[in-house]
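Please look over the model below before reading the comments. The notes concern the protein surface at one DNA strand and two backbone angles.

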2 protein chains.
Amino acid sequence: MADLVYRSVMRDIKQKILANEYQGMRLPDERSLSTSYQVSRSSIKRALGVLAQQGIIFKKRGSGTFINPLYLKNRSLFRYEGSNVGVTDSFKFGNHKQGIRLIDYQVVPASTDLQQDLFLDDNDFVYKIRRLRLVDDQPFMIETGYIPIKITPTLSPAIVKSSIFNYLENAKGKRVTKSFMSISVAPSKIEDQRLLKLKPTEPVGIMEGVFFLDDGTPFEVSNMRVHYKYMKYSTFVNLDQES
Amino acid sequence: MADLVYRSVMRDIKQKILANEYQGMRLPDERSLSTSYQVSRSSIKRALGVLAQQGIIFKKRGSGTFINPLYLKNRSLFRYEGSNVGVTDSFKFGNHKQGIRLIDYQVVPASTDLQQDLFLDDNDFVYKIRRLRLVDDQPFMIETGYIPIKITPTLSPAIVKSSIFNYLENAKGKRVTKSFMSISVAPSKIEDQRLLKLKPTEPVGIMEGVFFLDDGTPFEVSNMRVHYKYMKYSTFVNLDQES
DNA sequence: CAGTGGTCTAGACCACTTT
DNA sequence: AAGTGGTCTAGACCACTGA
């Protein structure tokens, strides 16, 4: 993993930032970095580009490259919870025990909405999988997922009780790294209150997502209703290069 | 705007995708595009890279470049509401009238939290600005913002009643394009209920953000409490190149 | 005017997928 | 083996910032 030039430069610079090895919140200019790392300026640019994308540094044409002060002061924010939450199997659990209770598992015809999102035909079927997720034995999320059977005809309740994504990656060599997420808020329904142990006045966060395989095949539609105390999505937003 | 090579290639390809000019959801290979557009392959790569970043296409080493089927089917999703929500003055209002009511406007010493986030000293002061935002005369968000006076000593209630970011960009030549956002959920408080016309059982979405100037200076800390019916944050997530 | 990041090129070679 | 995207280089030139 990562014997790539720009990768290792990136790691090294990141480490140096954390070790406070740069003066005045400022990095050396790209040409100096290029000679000191003995790599091309393009590779330096690429490394810095990724760091900038992640909000760790800011590049300012004509002036130089600067460290985001918040990265040093408040580093936990930069752990990309955002990108991980939503990817079903990589929620952040420090030392906490994670559990899954299977609520429902069946094969049903794909609704028209699902046909749209999963790129299916009229006669296609999907797994419908409902799971209750727990941390330290506390329920925090109801997850309803739909997966086309034609993508993974070999799913089973046993697999579904642990990590579908891990199964896919390990057994099938398919990775899920892309998703389209939509986040909203709603009062809790009776079922939410029951399963998540919520009071009637307590709300849920809703995360709806479509997950894709590496080649762009839509793989899963997921609807997650999250206990409000556990609901937190953090992300760095860069409005530059859009449209 | 955008006489850049990779920009115009990007726009053209995007338009061709929408016009369905590519067969079988697949783009021509990079070398062909390079010759047909008469630009270097690097520029093609860059254009495609941005489109991939936005989730419009998928690139698969060894196989080719493919159009995200959801981009064609469900294009409204790809309008990057995500990146815009949170940037205070670019919420999505189709044809809707936008309004602002100034609730509070004062200068106060920066709390220690604010000193942290805005990179301030013990004796620094900030504007504290509370605004109620409306669409079609319906209140939908309570926004509390903190801005260091030393960054914009010339703020005024009149400016604050409209767009601070526009003022900054037009009058000061400073752009705000980057932010760190954190999204959560909470039951509504009495004040939320009063200002946003919520029932006690109805919740709010909370968006907290730190906004940065182009050079990386933290510029504003903002806390937004959003009426749950108006709360929607959508974004494309790419887990590839992380860490 | 010197310094800095941004864009663009042309080409070599590598890694993976498909036939 | 052929085709495709990924990495990397070396260098030219541009655009902006700041002394």
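The points below cover numbering, the DNA strand D surface, and two residues with positive phi.

1. This is a predicted model, in which local features need pLDDT of at least 70, side-chain atom pairs count only at pLDDT 80 or more, and totals for chains, interfaces and linings use all residues. Residues are numbered from 1 along each chain as its sequence is written, chains are lettered from A and ligands numbered from 1 in the order written, and side-chain values use heavy atoms, without hydrogens or water.

2. Around DNA strand D there are 25 residues (near: a heavy atom within 4 Å of the strand). A:Val5, A:Ser40, A:Ser43, A:Arg46 and B:Arg61 come nearest. By class, the residues of this surface are 4 nonpolar, 9 polar and 12 charged (nonpolar: Ala, Val, Leu, Ile, Met, Phe, Trp, Tyr, Cys, Pro; charged: Asp, Glu, Lys, Arg; polar: the others, Gly among them).

3. Of the strand D atoms within 4 Å of the protein, 67% belong to sugar or phosphate. The side chain of A:Arg46 has an N or O atom 2.4 Å from a phosphate oxygen of DNA strand D, and a polar side-chain atom of B:Arg61 is 2.6 Å from a sugar or linking oxygen of that strand.

4. Phi of A:Phe119 is near 65°, a positive value in a residue other than glycine. A:Phe119 is partly exposed, at 38% relative accessible area (buried is under 20%, exposed over 50%, partly exposed in between; 1.4 Å probe, protein chains only).

5. B:Asn20 also has a positive phi, near 60°. At 53% relative accessibility, B:Asn20 counts as exposed.

Terms used. A polar contact is a pair of N or O atoms within 3.5 Å; within protein, one must be able to donate a hydrogen and the other to accept it, and residues adjacent in sequence count only if both atoms are side-chain atoms.
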